Amino acid sequence: MVARHPLKSLTVAIAVTSLTACSSGGDSAQANAERATGTVTENAVIKNYADIAYANYQDALTTAKALNDATDALIENPDSETLKAAKEAWLASRVPYQQSEVFRFGNAVVDDWEGQLNAWPLDEGLIDYVEADDYQHELGNGGATVNIIASTEINVGGEALDVSTLTPELLANLNEVGGSEANVATGYHAIEFLLWGQDLNGFKAGNGERPVTDYAQGEACTHGNCDRRAAYLDAVTDLLVSDLEWMVAQWAPDQDGNYRSELLAMESGEVIQKMLFGMGSLSLGELAGERMKVALEANSFEDEHDCFSDNTHNSHLYDAVGVRNIYNGQYSRVDGSTVSGPSLSDLVAKTQPELDKSLKSELDASVNALEDMKKSAEAADGMTFDMMIAPGNDKGAELINTAIAALVKQTGSIEKASAELGVESLAPDDAGHTF
């Protein structure tokens with residue numbers, strides 16, 4: 001589970017510039033020369049890390065803008081095609097964003113901001129209508145059924161709140177209303193719920209089936225409050241874009257006072273520690289633990305990450321790809337270009353080439369294990385993550401456990417690489433799990 005945080009400024013104080021010098025081939029000749037002569041420096045690795053973060057968040061922003069445009073088209077003309085296009089845009093937006101999660105651990109500027117975009121699991125009855133018989137929510141959560149869309153005023157924990165005008169600011173301030181982390185009003189998963197609706201299939205095949213008429217006007221409207229549902233969707237997607245604009249600006253080059261400038265001014269060892277801690281913590285506590293082990297051991301489809309769309313296999317895969325990106329110092333952009341440069345791999349290979357070789361192989365193995373989950377989920381007779389975690393599904397459990405084991409193994413090598421690079425007591429976050 002991720003932390004939730006209040007609204008960040010909607011004003012982008014730092015100009016966002018395009019990434020040119022770091023695009024495909026931008027500094028590859030210099031990087032290759034440094035590798036060949038063994039002169040790769042920690043500072044060069046850190047700069048490339050910042051370049052990858054900038055490109056990654058730019059891609060997340062680009063795809064979020066496409067999602068915003070697609071949801072605007074759905075609101076303007078709700079039909080099967082505009083709903084399908086909005087869903088496809090949401091799925092596409094997850095590819096770069098999930099790769100960016102590796103920056104969360106160790107970089108407080110990301111961790112303090114991230115919950116507003118990717119908080120889960122959420123009690124969706126806070127936002128809109130739910131089927132009461134199939135609705136599982138956090139016990140004692142007073143906000144679990146208030147239905148913001150159907151209300152102009154809600155009462156959570158004895159506090160009356162005016163929700164008559166749905167704005168990005170209002171929705172952000174409703175995160176964790178009443179003190180419950182399950183009260184998530186914004187981010188990718190709130191948008192996912194508004195597009196797919198509840199997944200009422202349990203451990204069986206199928207995802208949410210929200211009718212497009214939930215956005216129709218007049219007598220064609222289903223489930224009531226279609227105008228407010230559209231207003232909510234409009235506000236929450238606008239907020240997603242503005243939040244990502246803020247983060248892109250934090251990593252923009254040649255800017256004073258943003259996080260990138262702060263990072264590049266730190267002691268190099270401190271930043272190398274952040275990079276390795278991010279890799280290890282996402283691998284172990286978050287992905288292997290919170291997102292897979294918890295759901296499998298509890299047989300709980302409520303702990304599925306992309307639970308409304310059944311896209312969890314992709315979200316898990318691209319988390320693992322993001323970890324590999326940082327070690328290899330390379331990121332493939334959504335436009336097909338590549339950002340690459342001096343890497344942690346280069347630093348480790350200087351003194352421990354066998355460890356470097358092993359870790360690269362293990363990172364590939366974890367990605368391959370998650371690609372096997374993806375293949376299973378997207379096959380003609382697909383077995384999605386919520387089906388894999390069903391009681392008695394030995395094949396599904398094997399797929400998940402293979403991926404968990406690969407992630408645990410690579411974390412051990414990340415810790416060895418950390419020691420080799422002089423980072424003592426890396427202690428990646430294991431979220432309290434025993435593996």
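**A hairpin, a disulfide and a small set of buried sites**

In this predicted model, the hairpin of β1 and β2 has 2 residues between its strands, and G157 takes a positive phi near 65° there. The two strands run antiparallel to each other, with β1 paired to β2 (residues 159–162) over 4 bridges. Across the pair, V156 sits opposite E159 of β2. Strand β1 itself spans residues 153–156, and its two faces part ways: I154 and V156 make up the covered face, while E153 and N155 lie on the uncovered one. V156 thus turns up twice in this picture, on the covered face of β1 and as the residue facing E159.

Turning to the cysteines, a search of the whole structure gives 1 disulfide. The partners are C221 and C226, whose sulfur atoms lie 2.1 Å apart. The link of C221 and C226 is right-handed, with 90° about the S-S bond. As for burial, C226 has a relative accessibility of just 2%, so this half of the bridge counts as buried. Another cysteine, C307, is buried too, because its relative accessible area is 15%, which is under the 20% cut-off.

Next comes a serine in a helix. S345 belongs to α11, a helix covering residues 344–351. With 5% relative accessibility, S345 falls under the 20% limit and therefore counts as buried. What does S345 touch, once its neighbours within four places in sequence are left aside? The contacts are with Y327, N328, D356 and K360.

Finally, there is the matter of enclosed space. The structure holds 1 cavity of 30 Å³ or more, and the largest cavity contains about 30 Å³ of space. Its lining is made up of Y57, Y97, S100, E101, R104, V110, W113 and E114. Which helices each supply at least two residues of that lining? They are α3 (80–100) and α4 (108–118). Of the contributors, α4 gives the most, with 3 residues. By chemical class, the lining of the largest cavity divides into 4 nonpolar, 1 polar and 3 charged residues. The charged group consists of E101, R104 and E114, the polar one is S100, and the nonpolar set is Y57, Y97, V110 and W113.

How values were computed: Residues are numbered from 1 along each chain as its sequence is written. This is a predicted model: local features need pLDDT of at least 70, side-chain atom pairs count only at pLDDT 80 or more; totals for chains, interfaces and linings use all residues. Side-chain values use heavy atoms; hydrogens and water are left out. Buried means under 20% relative accessible area, exposed over 50%, partly exposed in between (1.4 Å probe, protein chains only). Two strands pair if DSSP finds at least two bridges between them. A disulfide is a pair of cysteine sulfur atoms within 2.5 Å. Contact means heavy atoms within 4.5 Å. On a 1 Å grid over the protein atoms alone, a cavity is a set of points where a 1.4 Å probe fits but cannot get out, and a pocket is an open set with protein on both sides within 12 Å along at least five of seven lines; lining residues have an atom within 4 Å of a point. Grid points are joined across faces, edges and corners, and a volume is the space filled by probe spheres set on the points.
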